[in-house]
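Colleague: Please show me the chain, and then let us discuss its architecture.

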Amino acid sequence: MKQNTVIRLLDPSKETFGSIIGSDLEIIGSLLATKSLRIDGTIVGDIKTKAGADVCIALGKSGLVQGNISGVRVLVAGRVEGNVLATERVELHSGADVHGDIIYAQIGIEQGARLSGLLSKIINDDDLDDK
């Protein structure tokens with residue numbers, strides 16, 4: 001008898017979020033996140049994180065960001081139309097659709113994620129100064 005085994009590349013995130021943008025909300029303008037942020041709605045503008053803060057930006061399946069995202073950890077299950085920068089880790093979950101470049105220290109990509117752009121690994125902090 002065969003057992004059906006599922007191989008998970010990315011374990012569920014253990015993040016906690018200080019703010020959640022619901023699926024019924026659209027924000028036009030740039031955001032500065034000082035605590036971890038989950039986005040299920042639409043953001044038209046860049047998302048940045050406060051310097052030195054351990055901030056995760058998570059984009060849910062219904063989330064859309066039309067702008068650049070930067071954070072320590074960036075988790076994507078929705079659509080990004082812009083570049084992504086994560087000083088620690090980027091995760092592209094099944095259903096993620098990124099149209100832009102990704103700069104990362106570590107990356108995890110699940111089957112079913114799509115990327116139309118370049119992947120660039122951070123070698124040292126000097127790589128960030130050029131961006």
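The questions below concern strands, core and pocket.

Modeller: This is a predicted model, in which local features need pLDDT of at least 70, side-chain atom pairs count only at pLDDT 80 or more, and totals for chains, interfaces and linings use all residues. Residues are numbered from 1 along each chain as its sequence is written, and side-chain values use heavy atoms, with hydrogens and water left out.

Colleague: How many strands does the chain have?

Modeller: Helices (H or I, at least four residues) and strands (E, at least two) are DSSP runs, numbered from the N terminus. By that count, the chain has 1 helix, and its strands number 15.

Colleague: Which strands stand at the edges of the open sheet of 6 strands?

Modeller: Two strands pair if DSSP finds at least two bridges between them. The open sheet has the order β2-β5-β8-β10-β12-β14, with parallel pairing. Within it, 2 bridges join β8 (residues 64-66) to β10 (residues 79-80), and Val-65 stands opposite Val-80. Two strands have a single partner each, so one side of each lacks a neighbour in the sheet: β2 (26-28) and β14 (114-116).

Colleague: What is the bridge partner of Tyr-104 in β15?

Modeller: Strand β13 (residues 102-109) is joined in parallel to β11 (residues 84-92) by 7 bridges, with Val-90 partnered by Ile-107. β13 also pairs in the parallel sense with β15 (residues 119-121), over 3 bridges. In β15, the partner of Tyr-104 is Lys-121.

Colleague: Which strand supplies the largest share of the largest nonpolar core?

Modeller: A nonpolar core is a set of buried (under 20% relative accessible area, 1.4 Å probe, protein chains only) Ala, Val, Leu, Ile, Met, Phe, Trp, Tyr and Cys residues joined through side-chain atoms within 4.5 Å. The largest one has 23 residues, of which Ile-39, Ile-47, Ile-57 and Val-76 touch the most other members. At least two residues each come from β4 (37-39), β7 (56-59), β9 (69-76), β11 and β13. The largest share, 4 residues, is that of β11.

Colleague: Leaving aside neighbours within four places in sequence, with which residues is Val-76 in contact?

Modeller: Contact means heavy atoms within 4.5 Å. With neighbours within four places in sequence left aside, the partners of Val-76 are Leu-59, Glu-91, Leu-92, His-93, Ala-96 and Val-98.

Colleague: What percentage of the residues of the chain count as buried?

Modeller: The chain has 131 residues. By the accessible-area criterion, the buried part is 41%.

Conventions: Buried means under 20% relative accessible area, exposed over 50%, partly exposed in between (1.4 Å probe, protein chains only).
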